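Student: I would like a close look at one part of this protein, namely the spaces enclosed by it or opening into it. Please describe what lines them.

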Amino acid sequence: MLPRQPPRPLQLLATRQLPWPFLSRAMTRPAMKTDGMALQRPRQFPTAGFKVIGPGQRLEEEKLPFYVRDEYYPMRIGDVVHAHYQVVAKLGYGTSATVWLARDLRDGKYWVLKVYINSLKHNQELCVCNHLASAPSNTPTELGFENIRQSHECFQISGPAGKHDVLVMTPLGMSLKAFQDMQKEGVFPREFVAGALDQVLLGLSLLHEANLFYLHADNLLIALTDDSILSTVELNEIDAPSARKRIGDTIIHVSQYMLGGRGPLVISDFGQARIGAEQHGNAMPMPYRAPEVILGMQWGSAVDMWSAGLLAWDLLEKEKLFKVYDSESQEHNDACHLAAMTALLGPPPPEFLEKSIATRKYWDSSGKWTGSVPLPTERTFDALASALVGDDKDLFLNFVQCFMWWVPEERFTALQGYMHPFLRGGTLPDDFD
């Protein structure tokens with residue numbers, strides 16, 4: 001099996017807009033001016049009439065493996081923080097933060113407050129947001145700006161056991177993954193996929209210009225276009241308050257989940273993003289890891305392009321290219337993962353093998369597979385692709401493969417991918433391989 005030849009970058013083609021299907025009807029409205037406005041009176045939220053969860057049942061963040069109650073800020077619905085943000089609902093939680101919907105008492109505008117645990121020694125997301133805010137390319141007139149979640153402000157609040165960073169952001173709707181899970185076959189039609197990838201690639205291009213990278217497929221959210229669903233979330237806490245659990249002075253609320261959104265697709269949650277051209281160590285969810293990450297090589301923005309190719313495939317095709325093969329043994333999982341890559345891509349070229357001595361565990365000097373697991377059979381792009389036929393299938397397979405090369409420098413950039421005929425229309429040049 002011979003190595004593939006890297007793709008030739010396409011010349012820039014005329015752009016065209018592709019349809020982007022959305023989830024709910026909404027209308028935009030202009031932002032209200034806030035200068036000189038007095039604070040609105042905080043809303044009174046019910047203190048009864050909700051389900052009380054017993055002390056023996058773990059709830060929300062309590063279920064996380066390394067949960068420590070004193071590390072989390074004991075936020076309550078109805079609290080006013082930073083003088084003018086009234087918390088009106090809980091939206092989610094994670095290992096490093098809880099997420100709340102708040103209404104600004106100066107102008108009634110809704111914001112998301114991400115309240116971090118007090119034990120963070122380094123808040124990577126705040127560093128990334130500050131870096132992005134100061135990047136010359138990150139301006140509203142730049143393509144891709146609306147596809148990156150922008151921070152509004154950050155501040156600290158003091159809790160019983162320490163200080164907590166708070167990041168203020170524009171509210172967004174449901175995740176693309178959650179929307180995909182709602183589809184009958186778990187995949188999207190071609191036009192939807194093209195519209196989604198259009199926006200992801202523009203967002204990635206802007207991030208890469210700012211020397212930032214890390215595309216996580218789970219962190220693509222659909223933007224809202226007005227506040228109607230946010231008003232509904234707040235009213236839900238008045239008319240049918242969410243269940244909660246009390247432990248001493250701490251109240252743990254049950255989150256509400258917003259299922260709306262008809263705005264742009266937005267890359268969000270930069271807690272694992274990286275700043276700088278050269279990186280080392282693990283990154284990305286395991287099925288999305290590029291080969292250079294698995295093998296402990298230095299890596300950079302090209303890992304995002306590998307992820308973009310896999311994202312394109314996963315949005316359209318039912319059968320995934322890669323998976324978690326062994327959750328108990330990373331060594332065995334890596335061997336299975338690299339074997340699957342070899343079956344799809346062919347043997348890695350010498351310039352890739354020479355980048356790390358770790359490659360000797362899996363291939364000989366000519367690229368022949370010598371790993372501890374056998375190569376999968378009948379796993380080719382063409383055999384696995386079933387969503388499209390004819391020229392559409394050829395365009396799609398070419399598009400995906402332009403991002404999936406052993407040598408990172410041979411992968412398409414975000415803008416090269418954006419100009420591909422699968423997204424822009426037309427056909428491949430006769431001499432394009």
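Tutor: A cavity is a set of grid points where a 1.4 Å probe fits but cannot get out, and a residue counts as lining when an atom of that residue lies within 4 Å of a point. The model considered here is a predicted one.

I begin with the enclosed spaces. Searching the whole structure gives two cavities of 30 Å³ or more. For the second largest cavity, the volume is about 50 Å³. Its lining is made by Tyr214, Leu215, His216, Asn219, Leu220, Ile267, Ser268, Asp269 and Phe270. By class, five of these lining residues are nonpolar, three are polar and one is charged.

The largest cavity holds about 80 Å³ of space. Its lining consists of 14 residues, and those nearest the centre are Glu61, Tyr73, Thr250, Ile251 and Ile252. Two strands, β3 (97-104) and β11, each contribute at least two residues to this lining. The strand that gives the most is β11, with four residues. Sorted by class, the lining of the largest cavity has eight nonpolar, three polar and three charged residues.

I turn next to the open space. The largest pocket contains about 1,200 Å³. Around it are 39 lining residues, with Tyr93, Val99, Lys114, Asn219 and Asp269 lying nearest the centre. Asn219 and Asp269 also belong to the lining of the second largest cavity. Several elements each provide at least two residues to the lining of the largest pocket: the strands β2 (85-93), β3, β4 (110-116) and β7 (172-175), together with the helices α1 (124-133) and α2 (176-181). The largest share, four residues, comes from β7. The strand β3 thus appears in this list and also among the suppliers of the largest cavity. By class, the pocket lining comprises 17 nonpolar, 15 polar and seven charged residues.

One residue of the pocket leads on to the outer surface. Tyr93, one of the residues nearest the centre of the largest pocket, also forms a nonpolar surface patch of about 350 Å² with Tyr257 and Leu259. Leu259 is located in the loop between β11 (250-253) and β12 (265-267). The relative accessible area of Leu259 is 54%, so this residue is classed as exposed, the cut-off for that class being over 50%. The strand β11, which precedes this loop, is also the one that gives the most to the lining of the largest cavity.

How values were computed
Residues are numbered from 1 along each chain as its sequence is written. This is a predicted model: local features need pLDDT of at least 70, side-chain atom pairs count only at pLDDT 80 or more; totals for chains, interfaces and linings use all residues. Side-chain values use heavy atoms; hydrogens and water are left out. Patches are made of residues with over 30% relative accessible area and no salt bridge: like charges are joined within 9 Å, nonpolar side chains (Val, Leu, Ile, Met, Phe, Trp, Tyr) within 5 Å. Accessible areas come from the Shrake-Rupley method with a 1.4 Å probe; for residues, only the protein chains shown count as cover. A salt bridge is a side-chain nitrogen of Lys or Arg within 4 Å of a carboxyl oxygen of Asp or Glu. Buried means under 20% relative accessible area, exposed over 50%, partly exposed in between (1.4 Å probe, protein chains only). On a 1 Å grid over the protein atoms alone, a cavity is a set of points where a 1.4 Å probe fits but cannot get out, and a pocket is an open set with protein on both sides within 12 Å along at least five of seven lines; lining residues have an atom within 4 Å of a point. Grid points are joined across faces, edges and corners, and a volume is the space filled by probe spheres set on the points. Ala, Val, Leu, Ile, Met, Phe, Trp, Tyr, Cys and Pro count as nonpolar, Asp, Glu, Lys and Arg as charged, and the others, Gly among them, as polar.
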